[in-house]
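Trainee: Before we begin, could you show me the model and then explain the terms as we come to them?
Mentor: Gladly; please look at the sequence and the picture first.

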Amino acid sequence: MKKGVRALGAGVGVLALWDLSDLEALAQDAGGATEAATHENTAYDWTKHDYVYLVDTRKCIGCGSCVRACSKENNVPTDYFRTWVERYQISRTGKRHVDSPHGAINGFEPLVTGDDVTKAFFFPKLCCHCTFTPCVQLCPVGASYRTEDGVILVDEKRCIGCGYCVQACPYGSRFIHPETHIASKCTLCYHRITRGLKQACVQACPVGARRLGDRKKVGDLVTEIIATQPVHVLQPGLLTEPNCFYLGLSGEAR
Amino acid sequence: MEHAKHIIRAVLLLVIAAVGFVFVRHFAIPASFGEHGHYRFDSVAEYKSQAPLHGAPGACAECHDEEAEAHEEGKHATISCEVCHAPLGQHIKNDEKIGAMPIPRSTEWCGICHQRLIARPKTFPQVVFPDHWIEKGAETTEAVCLECHDAHNPSEEDSADTATGSAPAAPK
């Protein structure tokens, strides 16, 4: 028993240490990003970047700041989402209750499911910017494409709004815009990241649960975490090789 | 050469078809298509030209240095100004003020982060409304949270109070 308690103590200690070093590194990382920001993207070289996204579900508080920031930054129509947050409440018997009221744009209200909830967490979602993406492969007009730096975009002038990509995306990341009638999705805030700015959702997250990394940047913290920590991608069996990784995500999450 | 007529006809048809194909192709395929893959490369530049609405970190402090200083010292330092107020682009354009920023003071707003939810990490400070402010004897006003807490810099004392007084319960 005592051994167990000691082991638990050591575990918590290690966890605390890891969290601390993580935060320090994050602060340094943020400093570096600010220095590099020139806010002009004419000289941006896409061969020097390879973006990767990291969501730490253990930190997410479900405030929906990311959803609000994304909606404003990208003028996303009401009740359509480029990123959204789901809430999982799981009972001891494994009964799942999942909700995401209006994509969590106004956060969450307490919810009594009537079950004996033993595990609950928030699950932020966005386009996974897959390496082998079905949405690009089946676009009949070459409107969906993947940039050299790893961002999936939709050519707004080329798209005919057939909706094949919306059906093909296993993560539900795309929608047909109700006014323009063409496919719309997360652009990884391409206009911001090419200017050295943080994505709207990353900048808005108050707890550092969302981060953007760059595999081609030396000493990149997110790349380091993905390389050394137990991370998870959504629906790995589909072999889409998502570039959005999850830390601490429970297996019930879909 | 008794079939010359037929051959000329066939060749002529082929030439017309080839010219027609090149002609239609020229207009059907947009400029810059295929430069870097099976897509229109100009689309990338179109995405890059979108104007950012949210500002760079530290942009607010250029004018609001007092608030920024208080904010940097406190527990809310990790929260971008634009989370509670609004994107910088709604306030400043070409260094000119174009609109007022919202200042949310409602309990509902604070509750978006601090209302107790079982899905929130247990270490995150959270309370039950309205129990918390009834318990603290705060007056029931619209801005009841701000009676005790400074939104820019919630003090250590406030935080300690919140942590001990209303520690989030483990899920049953």
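**Reading the model term by term**

Mentor: Let us start with one pair of atoms: a polar atom in the side chain of Arg211(A) lies 3.4 Å from the backbone oxygen of Gly208(A). This comes from a predicted model, in which local features need pLDDT of at least 70 and side-chain atom pairs count only at pLDDT 80 or more, while totals for chains, interfaces and linings use all residues. Residues are numbered from 1 along each chain as its sequence is written, chains are lettered from A and ligands numbered from 1 in the order in which they are written, and side-chain values use heavy atoms, with hydrogens and water left out.

Trainee: What makes the pair of Arg211(A) and Gly208(A) a polar contact?

Mentor: A polar contact is a pair of N or O atoms within 3.5 Å, where within protein one must be able to donate a hydrogen and the other to accept it, and residues adjacent in sequence count only if both atoms are side-chain atoms. The distance for Arg211(A) and Gly208(A) is 3.4 Å, so the pair falls within the 3.5 Å limit. Another case is His177(A), whose side chain reaches the backbone nitrogen of Thr180(A) at 3.3 Å.

Trainee: Why is Arg211(A) called buried?

Mentor: Buried means under 20% relative accessible area, exposed means over 50%, and partly exposed lies in between (1.4 Å probe, protein chains only). Arg211(A) has 5% relative accessibility, and therefore counts as buried. Arg211(A) belongs to strand β9, residues 210–214 of chain A, and strands (E, at least two residues), like helices (H or I, at least four), are DSSP runs numbered from the N terminus.

Trainee: Why do the two histidines, His129(A) and His177(A), count as buried?

Mentor: His129(A) counts as buried because its relative accessibility is 4%, and His177(A) because its value is 12%. His129(A) sits in the loop between β4 (117–126) and α3 (134–137) of chain A, whereas His177(A) sits in the loop between β7 (175–176) and β8 (183–184) of chain A. For chain A as a whole, buried residues make up 51% of the 254 residues.

Trainee: Which residues does His177(A) touch, leaving out those up to four places away in sequence?

Mentor: They are Pro77(A), Ile182(A) and Ser184(A), where contact means heavy atoms within 4.5 Å. His129(A), with its neighbours within four places likewise left aside, has contacts that include Arg146(A), Lys185(A) and Asn243(A).

Trainee: How do you know that Lys157(A) and Glu46(B) form a salt bridge?

Mentor: A salt bridge is a side-chain nitrogen of Lys or Arg within 4 Å of a carboxyl oxygen of Asp or Glu. The side chains of Lys157(A) and Glu46(B) meet at 3.3 Å, N to O, so the pair is inside the 4 Å limit. Between chain B and chain A the count is 2 salt bridges.

Trainee: How many residues of each chain are in contact, and what area do the chains bury?

Mentor: In contact are 42 residues of chain B and 53 residues of chain A. Together the chains bury about 3,800 Å², 59% of it on carbon and sulfur atoms, where buried area is the accessible area (1.4 Å probe) that two parts lose on being put together, summed over both. Tyr47(B), Lys48(B) and His54(B) supply 19% of the area that chain B buries against chain A, more than any other three residues.
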